[in-house]
Amino acid sequence: MSIAKLQPFLATSYENFPKGRTIGAVVLRTTQSETIFRTEGTGEPMCSEYVQAGVADTATIPRLVMTKRKQIAPERRKGREFLRVHELLYPDPKGNSICSLNTNAPCEMCVDCFLYGFAAGGEGAQKSRVWTEDAFSVLPSTELISDRTINAIFETGTMRDEEGKASTALNTSEYIKPGVHFLDIVTFKDVTADELRYAIGNILLTTRYGAVSSHVGRMENQILGIFGGIAELPSSLELVQGIYDKLPTDKREHPLNTGALVDATQAVISTWTSKRGIAMQLSATELDELIADVDRHLSLDAQAAFLKRLSESYEPMRKVKAASKKKGKSKEQET
């Protein structure tokens, strides 16, 4: 089984201190509908950066950027949906509310807090062990963006109300076209086998990203490679630059053929085990087995037992935290 092959790079249980075990995933994210990556409501243009087109091709082009927060936040929320269903989210340290994101009141005890970390709470912070970086589009942003005029008509079917006043709900907005490919590198640091299953499941099951995601933002995620080692993989920017060089010049246009893109990606990442600190790559068969393993653990029949087992794996640390809090209260009472 592929999980067993990754064992040298997995922790046997949760530990506070890092030990240099690294698993890297190459993720292809493809828009399946109009998508918006910017700060919603500010009127800002789509997120993009001017970068070198390829490794060999030194021309400068603008590439769309799917920022780290745009990736990790929806994936955390997906995992938390399952934790909430099975009542595996805990009250915050002050006992005012159940653990939730963006409230400065993490519980510090749930699977999400232990794996993805938290930056506020009763006892400080927990660093995330799921590392993401900006994902870049393969093609230039100038080919991948279009404009949409948005209007809201009255019940009369026109842009004027019964008094003849024109509607102010008329706006032009940029959007990313369907069929746009982003390449991303996700790093898992010192995670257990069950934590890896949970985090990969969140990536594969999340389908909505970006602003106004209830209306647009549909995306499909595919994992094209899994690596184990003691160092991070090359960056997502290095990856798309290598892919850009591999694509024939007459094929560098939207819509980009997904099959050709996957072939170019596999050609680039096939050399990565020769890089310092990267020890092994799962074969295509082993990768399929790993994804099937993740699907099996998160299926309706197995999900409850799997999440309970993962949550219980943190129980020794919860006891340590509880004892520390109790000791702290005792000192306060003494003074």
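Here is a short tour of this structure, one selection at a time.

**Before you click**

This is a predicted model, and residues are numbered from 1 along each chain as its sequence is written. Local features need pLDDT of at least 70 and side-chain atom pairs count only at pLDDT 80 or more, while totals for chains, interfaces and linings use all residues, and side-chain values use heavy atoms, with hydrogens and water left out.

**Stop 1: the largest pocket**

Start by selecting Arg69, Arg76, Leu101, Asn102 and Gly117. Of the 26 residues lining the largest pocket, these lie nearest its centre. The pocket holds about 710 Å³ of space. A pocket here is an open set of points on a 1 Å grid over the protein atoms alone, with protein on both sides within 12 Å along at least five of seven lines, and lining residues have an atom within 4 Å of a point. Points are joined across faces, edges and corners, and a volume is the space filled by probe spheres set on them.

Now colour helix 2 (68-85) and helix 3 (111-116), the elements that give two or more residues to this lining. Helix 2 supplies the largest share, seven residues. (Helices are DSSP runs of H or I, at least four residues, numbered from the N terminus.) By class, the lining has twelve nonpolar, eight polar and six charged residues. For these classes, Ala, Val, Leu, Ile, Met, Phe, Trp, Tyr, Cys and Pro count as nonpolar, Asp, Glu, Lys and Arg as charged, and the others, Gly among them, as polar.

While you're here, click on glutamate 108. You'll find this residue in the loop between helix 2 and helix 3. Glutamate 108 isn't a glycine, yet its phi is positive, about 70°.

**Stop 2: the second largest pocket**

Next, pick Tyr14, Glu15, Asn16, Gln126 and Lys127. They lie nearest the centre of the second largest pocket, which is lined by 19 residues. Its volume is about 360 Å³. This lining has eight nonpolar, three polar and eight charged residues.

**Stop 3: helix 2 over helix 4**

Go back to helix 2 and add helix 4 (residues 193-205). Their axes come within 8 Å and cross at roughly 110°. That makes helix 2 roughly perpendicular to helix 4 (angles of 65 to 115 degrees count as such). Axes are lines fitted to C-alpha atoms, for helices over the stretch in contact, and angles run from 0 to 180 degrees between N-to-C directions.

Which residues make the contact? On helix 2, show Glu75, Lys78, Gly79, Arg80, Phe82 and Leu83; on helix 4, show Tyr198, Asn202, Ile203 and Leu205. Contact means heavy atoms within 4.5 Å. By class there are five nonpolar, two polar and three charged residues in this contact. The crossing of helix 2 and helix 4 is right-handed (the near helix is turned clockwise from the far one by less than a right angle; anticlockwise would be left-handed).

**Stop 4: helix 4 against helix 8**

Keep helix 4 on screen and bring in helix 8 (residues 303-312). The two axes come within 10 Å and cross at roughly 125°. That makes helix 4 oblique to helix 8 (neither under 35 degrees, nor over 145, nor 65 to 115). This crossing is left-handed. Zoom in to see Asp194, Glu195, Arg197 and Tyr198 of helix 4 meeting Phe306, Leu307, Arg309 and Leu310 of helix 8. The contact divides into four nonpolar, no polar and four charged residues.

**Stop 5: helix 5, helix 6 and the loop between**

Select helix 5 (residues 236-246) and helix 6 (residues 258-269), whose axes come within 9 Å and cross at roughly 115°. Helix 5 passes helix 6 in a right-handed crossing. Leu239, Gly242, Ile243 and Lys246 of helix 5 touch Leu261, Ala264, Thr265, Ala267, Val268 and Ile269 of helix 6. Seven of the contact residues are nonpolar, two polar and one charged.

Then follow the loop between these helices to proline 255. A cis peptide bond, with omega about 0°, joins histidine 254 to proline 255.

**Last stop: the cavity**

Stay on His254 and add Val138, Leu139, Leu144, Gly179, Val180, His181 and Leu256: together they line the largest cavity. A cavity is a set of grid points where a 1.4 Å probe fits but cannot get out. There is one of 30 Å³ or more, and the largest cavity holds about 40 Å³ of space. Are there any charged residues in the lining, or how many of each class? Five are nonpolar, three are polar and none is charged.
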